[in-house]
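Trainee: I am new to this structure and would like to learn what its inside is like before I look at single residues. Could we go through it one question at a time?

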Amino acid sequence: MKRKSKDQTRQAAFSRRLREWYRRSGRDLPWRKTRDPYRVLVSELMLQQTQVSRVIAYYDRFLHCFPTLTQLARAHPAQVREAWQGLGYYARARNLHRLARDVTQQGALPNEPLPSDPRLLRKLPGIGDYTAGAIASFAYERRAELVDTNVARVLRRAFVPDVDDRTAAGKREIWRIARALLPRTGRATWTHNQAIIELGALVCTARVARCAECPVSRQCLTANSSREAGRRASRLRSPTRS
Ligand code: SF4
């Protein structure tokens with residue numbers, strides 16, 4: 001049997017600990033209780049640039065107005081705008097409406113209101129790399145990686161603190177790591193992806209990295225370097241014997 005490299009062992013431990021933490025600490029959000037592709041799509045578009053706490057009420061209201069992709073496709077643009085009213089970034093609502101019309105006109109795939117393949121999802125209006133991965137993983141439980149700003153921050157701090165994730169090469173490296181971290185099954189991938197998003201929102205945030213309460217601090221290069229720096233500083237402070 002092929003032995004795992006040190007990197008692979010660390011990556012596997014990172015994902016396992018992350019998923020264990022999520023099962024204990026993940027928030028109970030409405031879009032995490034469904035695998036309905038349409039509902040997942042609505043939540044993902046609403047969550048772009050908007051906080052979870054704001055999205056919850058709008059998500060319920062929008063789905064109450066348009067419970068299915070077909071009903072959304074048949075709606076008048078003014079009705080869609082009204083249901084989105086207050087959430088801002090209306091281009092998202094326009095894209096969602098256009099997507100619903102395109103998909104229903106083209107005829108959905110058998111048993112799939114939306115494609116499950118990220119490459120096909122990316123061709124739809126308003127669907128970028130992150131959202132394609134999110135729909136494939138959260139609706140269809142496919143082994144698909146996803147990277148948004150929060151996920152990129154976590155992966156950079158944990159695995160490649162010296163990489164600049166705003167450059168094209170840095171982005172490619174972060175996506176490569178996201179792919180390498182995926183667990184073996186689609187179901188475990190669902191949990192892994194939710195967990196890394198949750199960690200970026202609650203623990204490893206843009207403002208502060210709460211390494212002392214982080215479930216993956218032992219696998220994290222940034223936390224390990226700070227621990228090492230702390231140890232060096234305390235050795236320098238302790239009195240030396242002559
Ligand atoms: S240990 Fe700290 S820097 Fe590393 S992922 Fe956790 S919170 Fe972020």
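Trainee: Which residues line the second largest cavity?

Mentor: This is a predicted model, in which local features need pLDDT of at least 70 and side-chain atom pairs count only at pLDDT 80 or more, while totals for chains, interfaces and linings use all residues. Residues are numbered from 1 along each chain as its sequence is written, and side-chain values use heavy atoms, with hydrogens and water left out. On a 1 Å grid over the protein atoms alone, a cavity is a set of points where a 1.4 Å probe fits but cannot get out, and lining residues have an atom within 4 Å of a point. By that rule, the residues that line the second largest cavity are E145, L146, V151, L155, A178, L182, H192, N193 and I196.

Trainee: Which element gives the largest share of the lining of the second largest cavity?

Mentor: The space in this cavity comes to about 40 Å³, a volume being the space filled by probe spheres set on grid points that are joined across faces, edges and corners. Two helices, α9 and α11, each supply at least two of its lining residues, where a helix is a DSSP run of H or I with at least four residues, numbered from the N terminus. The largest share, three residues, belongs to α11.

Trainee: What is the volume of the largest cavity?

Mentor: The structure holds two cavities of 30 Å³ or more. The largest cavity has a lining of 16 residues, and those nearest its centre are R157, C204, C211, C214 and C220. Among the elements, α9 gives the most to that lining, with three residues, and the volume enclosed is about 120 Å³.

Trainee: Why can α9 be called largely enclosed by the rest of the structure?

Mentor: A residue counts as buried when its relative accessible area is under 20% (1.4 Å probe, protein chains only). In α9 the residues that meet this are V151, A152, R153, V154, L155, R157, A158 and F159, and they pack against α1, α10, α11 and α12. The helix is largely enclosed because its buried residues number eight of eleven.

Trainee: On α1, which residues does S15 touch beyond its neighbours within four places in sequence?

Mentor: S15 lies in helix α1 and counts as buried because its relative accessibility is 2%. Contact here means heavy atoms within 4.5 Å. With the sequence neighbours within four places left aside, the contacts of S15 are L181, P183 and H192.

Trainee: And which residues does Q11 touch, not counting residues up to four places away in sequence?

Mentor: Q11 is also placed in helix α1, and Q11 counts as buried because its relative accessibility is 14%. Outside that stretch of sequence, Q11 touches F159, A180 and L181.

Trainee: How much space lies in the largest pocket?

Mentor: A pocket is an open set of grid points with protein on both sides within 12 Å along at least five of seven lines. The largest pocket has 27 lining residues, with L47, T50, D148, N150 and I197 nearest its centre, and the largest share of the lining, five residues, comes from α11. The space in this pocket is about 730 Å³.

Trainee: How many residues of the second largest pocket's lining are nonpolar, polar and charged?

Mentor: This pocket holds about 430 Å³ of space, and its lining of 15 residues has K4, Q8, A12, L182 and R184 nearest the centre. The largest share of the lining, six residues, is supplied by α1. Asp, Glu, Lys and Arg count as charged, Ala, Val, Leu, Ile, Met, Phe, Trp, Tyr, Cys and Pro as nonpolar, and the others, Gly among them, as polar. By class, then, the lining has five nonpolar, three polar and seven charged residues.

Trainee: At roughly what angle do the axes of α2 and α8 cross?

Mentor: Helix α2 covers residues 37–47 and helix α8 covers residues 129–140, and P37, V40, L41, E44 and L45 of α2 meet Y130, T131, A134, I135, F138, A139 and Y140 of α8. The residues of this contact divide into ten nonpolar, one polar and one charged. Axes are lines fitted to C-alpha atoms over the stretch in contact, with angles running from 0 to 180 degrees between N-to-C directions. The two axes come within 9 Å, and they cross at roughly 145°.

Key. Buried < 20%, exposed > 50% of the residue type's maximum accessible area, 1.4 Å probe, protein only.
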